[in-house]
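Please open the structure in your viewer and keep the selection panel at hand. The tour below goes from stop to stop, telling you what to select and what you will find there.

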Amino acid sequence: MNLEILKTPRGIYNSLLILLCIFMPWIAPAIGQDFFTDVFGRIMIVAIAAISLNLIMGFGGMISFGHAVFVGIGGYAVGIFASHGIESAYIQWPVGLLMSGLFALIIGAISLRTRGVYFIMITLAFAQMIYFLSVSIEKYGSDDGLTIDARSDFGIPFYDLNDALTMYFTVFVLMVACLLITRKMVNSRFGRVIRAAKSNDERMHTIGYPTYGYKLTAFVIAGMMCGLSGLLSANFEDFVSPDMMFWTFSGELIFIVVLGGMGTIMGPLGGAIIFLLLSEVLSNITNSWHLIFGPFLILVVLFARGGVEGFLAKFEKSPEAKS
Amino acid sequence: MTEIMLKVENLVKHFGGLVATDSLNIEVEQGEIHAVIGPNGAGKTTLIHQLSGMLESDSGTIHFDGQEISHMSSANRCHAGMVRSYQITSIFKDFSVLDNVAMSIQAREGHSFRFWKNANKDAVLAGKAREILVEMGLEERAEVLADNLAHGEQRQLEIAMALATDPKMLLLDEPMAGMGPEESSRVTKYLESMKGKYTMLLIEHDMDAVFALADRITVLVYGQAVACGTPEEIRGNEEVRHAYLGDD
């Protein structure tokens, strides 16, 4: 591994993000703000959803405006099983992941026949459909949601998600795994196909790629990864509700990806940390924190193209800059 | 008798009331360079769109290399051995020059559902891509971002990407458009050296290049082939001279 990269501004920033996540359970009590450990657990769960969105949006150019629906599907897999007294993770988790993948397959198969604004609208429509479905099912709490009495049970001695630190580091390890999988995948042949299809889909067809199947596969992988975020969220909050798949959360995910740096591996984590910390801090200062937060978001979109990662990359001597 | 590589019969394409391709018949023999010339709006690029599968034809048939491809997808036509280049440069701007060409190589190496191995370190892809770049004289620019190439170089890359799919037949849509004289003559020489290796359908406004390269020329006006013959025959054709070539 090339350690030189750690000395660049981006390298330092990205290392800092990971270190913050690792040490937050000790940093938070040390600064007398215990609840920051919880905040960071939540941040990393949202980051997993953002990482999965970045895979299709940042690398594949598919702007899904309904991505949060997969968080909901993963979450309800835990909630519904738990409400029937089935707590085994070996049932909840595979079903949650498979259902996320299945819904992604159906939504993707239809949405990917369109592009641009139509793709955005169709993914939004599907997500809202499933949102209203979850609101309408009274058996599972409709819009009050479902309280989960027991977290997923892995049946492993000394490994219990009810332990706060175990839960925290389960989230951390899975988030890092998602980052590594994304990095591996975007550099593989498959990853090159979806990146090239983002760059120039028509040319891909004329040099021999039926891109639809590749994009659909990426959409399904992203859906399942996002479902994982939902599985974790349900366990972490001991609660699921239709709100977790409401369109505003999909919008926040898009913003987190853009803020952190679309199409970069670590962008979504940075975006999630900045976005959620800022809303946490600002909402503690004033009730009308949206008045500050809104303009901030607009400024970032206007002036920091490429997000934080893109901004820091400007300080690097890129080999690509020579022409 | 020479084998027919491409046979277009009664091909038609309407855009509303406009007839872009009007019962067009063209035969291209294996190994020949067949130029299609004609004034602007004659339907040359539409023809390439139809041949490459980007536009569905209203009627008519296209046979290529012994099989009917009239309803085949673009990607499958490419796999069958027919590849097009673009008049307006169509490349992967945020990829390096080498990776642009490597995408074409990767396409002919079977499916790309390979999720793990780092393709950037794939010696097969990079090696073959580099060979194509050497042929096109772009090898020194291999690591440069395609977007940062000079216009003429992008035009060369455009052709390199088509060549890298290892085609039997090239559909070249104004390959010399926007090139300087030096690059233009370089590409002309290159295409000449490839004569016989690839069958080519060439659309080009540079008449020097057309008459230097083409074995046969079809003159297209309002979607119809008004003349077809050797460069000498076309040069001698009074109708074509008046309609298109001018009297100089």
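Begin by selecting helix 4 (89-111) of chain A and helix 9 (residues 211-237) of chain A, whose axes come within 7 Å and cross at roughly 140 degrees. Helices here are DSSP runs of H or I with at least four residues, numbered from the N terminus. The axes are lines fitted to C-alpha atoms over the stretch in contact, with angles running from 0 to 180 degrees between N-to-C directions. Before you go on, please note that this is a predicted model, in which local features need pLDDT of at least 70 and side-chain atom pairs count only at pLDDT 80 or more, while totals for chains, interfaces and linings use all residues. Residues are numbered from 1 along each chain as its sequence is written, chains are lettered from A and ligands numbered from 1 in the order in which they are written, and side-chain values use heavy atoms, with hydrogens and water left out.

**The helix pair**

Two packed helices are described by the angle between their axes and the distance between the axes. Which word fits the angle of helix 4 of chain A to helix 9 of chain A? Helix 4 of chain A is oblique to helix 9 of chain A, given that angles under 35 degrees count as roughly parallel, over 145 as roughly antiparallel, 65 to 115 as roughly perpendicular and the rest as oblique. The crossing of helix 4 of chain A and helix 9 of chain A is right-handed, a word used if the near helix is turned clockwise from the far one by less than a right angle. Show the side chains now: among the residues making the contact (heavy atoms within 4.5 Å) are A:W93, A:G96 and A:G108 of helix 4 of chain A, and A:F219, A:G223 and A:G227 of helix 9 of chain A.

**From A:F219 to A:T123**

Keep A:F219 selected and add A:T123, which is found in helix 5 of chain A. Leaving aside its neighbours within four places in sequence, A:T123 is in contact with A:I63, A:S64, A:F65, A:G66, A:S111 and A:F219. A:T123 is buried, with a relative accessible area of 2%; buried means under 20% relative accessible area, exposed over 50% and partly exposed in between, using a 1.4 Å probe and protein chains only.

**The nonpolar cores**

A nonpolar core is a set of buried Ala, Val, Leu, Ile, Met, Phe, Trp, Tyr and Cys residues joined through side-chain atoms within 4.5 Å. The largest one holds 148 residues, and those touching the most other members are A:C21, A:M175, A:M204, A:F219, B:M103 and B:L157. Its largest share, 16 residues, comes from helix 2 (residues 35-57) of chain A. A second, separate core of 22 residues includes B:L6, B:L47, B:M169 and B:L171. Now select A:M204, which touches residues of both chains, including A:V193, A:Y209, B:F92 and B:M103, when residues up to four places away in sequence are not counted.

**Salt bridges**

How many salt bridges does a search of the whole structure find? There are 18 over all chains, each being a side-chain nitrogen of Lys or Arg within 4 Å of a carboxyl oxygen of Asp or Glu.

Select A:R203 and B:E158, which form a salt bridge with the closest N and O atoms 2.3 Å apart. A:R203 lies in helix 8 of chain A and B:E158 in helix 5 (residues 151-163) of chain B, so the pair joins two chains. A:R203 is buried, with a relative accessible area of 0%, and B:E158 is buried at 0% as well. Around B:E158, leaving aside neighbours within four places in sequence, the contacts include B:S85, B:Y86 and B:T89.

Move next to A:R192 and B:D99, whose side chains meet in a salt bridge of 3.3 Å, N to O. A:R192 is buried at 2% relative accessible area, whereas B:D99 is partly exposed at 22%.

Then select A:D201, which forms a salt bridge with A:R115, with the closest N and O atoms 3.3 Å apart. This pair links distant parts of the chain, 86 residues apart. Is A:R115 buried or exposed? A:R115 counts as exposed at 53% relative accessibility, whereas A:D201 counts as buried at 10%.

As a last stop, select A:R189, B:E109, B:D122 and B:K128, which are linked in a network of salt bridges.
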